[in-house]
Amino acid sequence: MNTRLIKTCVMHSVAFVILSSLYGCASPSYQSQAMEQLTVPEHWQSAHQLDSSTSAKDNTSWLATLNDDQLSELVLLALANNRQLQAKLATLKIAEQQAIVSGAAKFPELSLSQGNGRKKLVKDNGVQYQTSADINLTLSYELDVWGKLSDQQHQAKLDLLAAQNTYLQAKQQLTADVAKSWFNLIEAQQLLALYQKRADNLSNNLAMIQSSYRLGLTDALDVYLTQNNVNSELARVASQQQQVLASKRALELLIGEYPQASINAKQRLPEINNHIATGLPAQLLTQRADLVASWYQLLVLDAGVAIAHKQRFPRFALTTSAGDSSDQLSELLSGNTIAWSLLGNITMPLFSGGKLAAQEQQAKLKLVQKEQLYLEQLFQAFAEVENTVDNHASLTQRYRYLLEAQENAKQAEKLSFDQYLRGLVQYTTVLESQRRSFDAQTSVIHLKNQLLQNRIDIHLALGGDFVTAEDELEPKLAVSSMTLISE
């Protein structure tokens with residue numbers, strides 16, 4: 001077989017491959033059976049516990065309903081100074097810059113280069129020195145025939161939207177953490193005040209019992225029992241003081257300050273009676289920033305499948321350059337010595353050992369994997385709402401009963417001690433009534449804080465917005481990005 005015949009066969013083969021690629025250049029459309037089979041209930045199972053007639057977006061101003069200016073200031077400090085949030089903000093800025101980088105790939109690239117050189121030549125007739133100078137201007141442009149560059153830009157914008165919603169979720173979580181830590185501090189201080197008051201009351205009781213003992217009206221056993229209670233309560237006070245300091249430091253870390261335990265909170269947990277709007281389960285998909293971010297991440301991988309598929313198509317590029325060279329730098333670009341060239345090239349992968357096909361299949365599998373993780377996250381979000389709403393109903397009922405138990409226990413404590421001083425009951429009856437009263441008051445404080453923590457969890461599970469009015473401008477950035485994607 002002669003050389004000309006071989007060349008002809010090779011050219012025909014290449015032409016056949018290119019035509020085959022052109023015929024099948026459409027991007028594969030990934031069909032998700034799992035997403036098509038997804039069913040969302042029309043109403044929450046626990047909807048009867050709360051108000052499901054309105055959207056959960058009505059909960060955006062829940063922080064203002066607390067009427068706590070100090071807490072609002074702490075939230076602003078945390079949003080401005082929390083280091084983990086600042087790190088997530090940097091991640092968002094990186095995604096913004098990456099979107100710019102991806103968008104630049106669709107434009108021509110112009111570069112200028114200039115070089116100087118000097119070399120020594122050793123010849124038979126002696127040594128010579130040669131000086132050269134050159135300057136080149138190069139313009140290159142890749143034709144986006146298959147839309148691969150557009151897909152890459154689209155993918156970068158989707159990634160930016162995911163980063164924006166991830167950052168928004170981080171702000172919501174941080175604000176919730178600050179509010180929880182704030183209520184934990186108030187609870188710790190309120191318990192400390194209760195323990196200190198109980199210790200003072202026991203000390204007064206001890207003085208009265210000791211006085212009665214000196215008069216021969218009470219037994220020494222009563223004195224020892226009361227003294228034991230006083231010492232136990234003082235130990236509890238010391239332990240609670242340390243708990244207060246730890247709660248203060250935990251809050252200070254969230255707002256980005258040195259943990260010196262200098263924050264002072266008010267002594268009473270607030271009463272909150274306003275309703276919580278749960279909305280509908282389907283609204284959760286667009287209200288929770290973490291679910292929205294996960295959905296955009298799924299779309300990022302979906303765009304990656306199209307990009308991996310188009311990597312197997314020919315690449316068309318145009319390159320033009322103009323330049324000059326001389327042995328003197330001052331003579332560059334002088335006269336008509338400027339040379340130029342215009343080149344076009346087609347690059348197409350012919351054989352890669354199955355690498356490109358494997359990369360495309362890998363992109364599809366990553367998409368399937370992310371889809372299952374998204375569905376798992378979605379159902380976990382549904383479970384969080386159901387559990388927190390059910391827990392709210394249980395806590396509310398328990399709190400109502402404990403308030404009545406606390407009032408009865410206080411009356412019983414006072415009555416038993418009065419009867420003891422008159423010799424009508426034993427001191428063990430007094431101890432039991434004091435224990436019940438103390439347990440009831442402690443439980444009320446604990447449960448009140450649990451109700452507040454539960455309300456925060458409900459708002460967070462429903463995607464309620466915790467940010468301030470100044471921060472509400474940021475979601476508009478996502479809207480503008482969506483406009484760019486649709487163009």
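**Exercise 1. Place Val305 in this predicted model: which helix holds Val305, and is Val305 buried or exposed?**

Step 1. Helix α8 covers residues 289–310, and Val305 is found in this helix.

Step 2. The relative accessible area of Val305 is 2%. Buried means under 20%, so Val305 is buried.

Step 3. Along the chain, Val305 and Gln361 are 56 residues apart, while their C-alpha atoms are separated by 8.1 Å.

**Exercise 2. Compare the expected span of helix α6 with the distance between its end C-alpha atoms.**

Step 1. Helix α6 runs over residues 220–254 and has 35 residues.

Step 2. The expected span is 1.5 Å times one less than the number of residues, and for α6 this should be 51 Å.

Step 3. The end C-alpha atoms of α6 are 52 Å apart, which agrees.

Step 4. Just after α6, Gly256 has a positive phi of about 80°.

**Exercise 3. Describe how helices α9 and α10 pack.**

Step 1. Helix α9 (residues 355–421) packs on helix α10 (residues 427–462) at an angle of about 160°, and their axes are 7 Å apart.

Step 2. Angles over 145 degrees count as roughly antiparallel, so α9 and α10 are roughly antiparallel to each other.

Step 3. The crossing of α9 past α10 is left-handed. Their contact has 20 nonpolar, 14 polar and 8 charged residues.

**Exercise 4. Which residues touch the most other members of the largest nonpolar core, and which helix supplies its largest share?**

Step 1. The core has 44 residues, of which Leu71, Val178, Trp182 and Phe183 touch the most other members.

Step 2. Helices supplying at least two core residues each include α3 (69–81), α4 (83–104) and α5 (148–214). The largest share, 19 residues, comes from α5.

Notes: Residues numbered from 1 in each chain as written. Predicted model: local features only at pLDDT ≥ 70, side-chain atom pairs only at ≥ 80, totals over all residues. Heavy atoms only, no water. Helix = DSSP H or I, 4+ residues; strand = E, 2+ residues; numbered from the N terminus. Buried < 20%, exposed > 50% of the residue type's maximum accessible area, 1.4 Å probe, protein only. Axes fitted to C-alpha atoms, helices over the stretch in contact; angles between N-to-C directions. Parallel < 35°, antiparallel > 145°, perpendicular 65-115°, else oblique. Left-handed = near helix turned anticlockwise from the far one by under 90°. Nonpolar A, V, L, I, M, F, W, Y, C, P; charged D, E, K, R; others polar. Core = buried A, V, L, I, M, F, W, Y, C linked by side-chain atoms within 4.5 Å.
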